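The following exercises concern the structure shown below. Please examine it before reading each worked solution.

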Amino acid sequence: MKKKALLATLAAVSVLGLAACSKDSDQTIASMKGQTITVQDFYNEIKSNSTSQSVVRSMIIYDVFDKAYGDKVTDKQVDAKYKEQAKQYGDSFESQLKAAGYTKESFKKTIRQQLALDAGLKAHVKLTDADYKTAWDSFHPEVTAQFIQVSSEDEAKKVIEEAKKDGADFAKIAKEKSIATSNKGKDVKFDSTSSDVPTEVKSAAFALKDGEISAEPIAVTDASTYQTSYYVVKMVKNQAKGNDMDKYKKTLKKIATDNKLNDSTFVTKTIGEELKKANVKIKDKTFADVLSTYIDATKTSSSSKTKSSKSETKESSSSSKEETKESSTSTSESK
């Protein structure tokens with residue numbers, strides 16, 4: 001989750017929490033001459049806001065999945081995610097949480113709910129041969145390569161020209177020219193699932209033979225800084241994946257599972273099924289349609305299954321009639 005998204009979610013949940021968790025809806029928030037603003041006034045004002053709608057939707061979904069799959073989440077997993085977030089924010093992490101109205105404990109509760117949602121989605125994953133085939137088509141086994149990263153396209157072109165000269169030492173050039181913070185001139189091992197090598201670089205590298213250097217600069221734009229840098233790649237050792245899928249079955253299972261979890265149709269349908277199973281009822285008309293996307297997805301799915309079943313029944317019935325007709329004709333002829 002990105003920083004801005006995290007802070008927006010935390011702030012919105014805190015705001016709604018003030019109204020939702022108050023024991024006395026008439027509690028006064030502020031007063032002035034002849035007028036007061038109560039918790040109920042505040043709630044009525046903000047509940048139609050799109051952010052409030054989104055937060056209520058998230059609260060319901062998280063609560064449903066936490067109840068159903070919370071026992072699948074361990075303290076170790078929660079602590080690891082907490083440390084990951086803390087590292088992302090650095091020294092400002094605690095102050096950011098405080099500003100959003102969260103403590104270490106309450107934020108860990110939020111993390112636990114997210115992990116419960118993840119566990120619930122994974123529990124619904126049923127992989128087919130087609131899923132494994134899709135994963136196999138996108139998979140490339142581990143290779144070894146070297147990178148040079150520079151800040152401009154012109155500089156990258158000069159590096160390519162220098163690196164392709166007879167007797168050029170790619171590793172040495174990388175140490176002198178690369179702006180990368182690590183692995184300058186060193187061998188880097190990665191496969192198609194590796195997250196520490198940019199997708200554009202991986203694709204270009206997999207197309208190279210042993211000893212080959214990329215012919216053109218590879219542009220990569222950082223999603224967080226929007227800064228573009230340019231890579232030059234030398235393939236040290238490539239390998240074909242061959243035809244034996246079983247050799248990579250564990251990796252392919254992870255790829256196929258991740259593909260499912262990143263499929264919005266699958267996620268929406270799964271959440272809808274869990275909401276239906278939990279018998280969620282919306283009592284406040286303001287939030288009447290807050291879960292409609294998920295509920296409608298289950299209806300569409302059920303409708304498709306029903307049509308498929310009817311089609312199969314019709315085909316079966318038609319086939320049976322045809323068989324009966326043929327049998328009758330055969331009997332008539334024998335007479």
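**Exercise 1.** State which strands helix α10 lies across, and at what angle it runs to β5.

*Solution.* The model is a predicted one. Locate residues 199–206, which form helix α10. This helix lies across β3, β4, β5 and β6. Its direction makes about 160 degrees with that of β5.

**Exercise 2.** Determine the order of the strands in the open sheet of four strands, and explain which strands stand at the edges.

*Solution.* Begin with the order, which is β4-β3-β6-β5, with antiparallel pairing. Next, consider the two ends of that order: β4 (188–190) and β5 (218–221) each have a single partner strand, so one side of each is left without a neighbour in the sheet. Finally, consider the twist: neighbouring strands are turned by 50 degrees against each other on average, direction ignored.

**Exercise 3.** Describe how β5 is joined to β6, and identify the helix α8 contacts with the sheet.

*Solution.* Strand β6 comprises residues 228–237 and runs antiparallel to β5, to which four bridges join it. Within this pair, Thr221 stands opposite Thr228 of β6. Helix α8 (residues 153–163) packs on the sheet, where it touches β3 (143–150) and β6. The direction of α8 makes about 20 degrees with that of β6.

**Exercise 4.** Identify the elements that give two or more residues to the largest nonpolar core, and the residues that touch the most other members.

*Solution.* This core has 18 residues, of which Ile60, Ile61, Phe65, Leu117, Ile271 and Leu275 touch the most other members. Two or more residues each come from α3 (50–69), α6 (104–123) and α12 (264–277). The largest share, seven residues, is given by α3.

Now take Leu275 as an example. Leaving aside residues up to four places away in sequence, Leu275 touches Ile60, Ile61, Val64, Val280, Leu291, Tyr294 and Ile295. A second core, separate from this one, has 15 residues, among them Val143, Phe206, Val233 and Met235.

**Exercise 5.** Summarise the protein as a whole: how many helices and strands are there, what share of residues is buried, and what share of contacts joins residues at least 24 apart?

*Solution.* The secondary structure consists of 13 helices and six strands. Of the 335 residues, 32% count as buried, for which the cut-off is under 20% relative accessible area. For contacts between residues at least 6 apart in sequence, 71% join residues at least 24 apart. The accessible surface comes to about 21,900 Å², and 48% of this surface belongs to carbon and sulfur atoms.

How values were computed:
Residues are numbered from 1 along each chain as its sequence is written. This is a predicted model: local features need pLDDT of at least 70, side-chain atom pairs count only at pLDDT 80 or more; totals for chains, interfaces and linings use all residues. Side-chain values use heavy atoms; hydrogens and water are left out. A nonpolar core is a set of buried Ala, Val, Leu, Ile, Met, Phe, Trp, Tyr and Cys residues joined through side-chain atoms within 4.5 Å. Buried means under 20% relative accessible area, exposed over 50%, partly exposed in between (1.4 Å probe, protein chains only). Contact means heavy atoms within 4.5 Å. Accessible areas come from the Shrake-Rupley method with a 1.4 Å probe; for residues, only the protein chains shown count as cover. Two strands pair if DSSP finds at least two bridges between them. Axes are lines fitted to C-alpha atoms, for helices over the stretch in contact, and angles run from 0 to 180 degrees between N-to-C directions.
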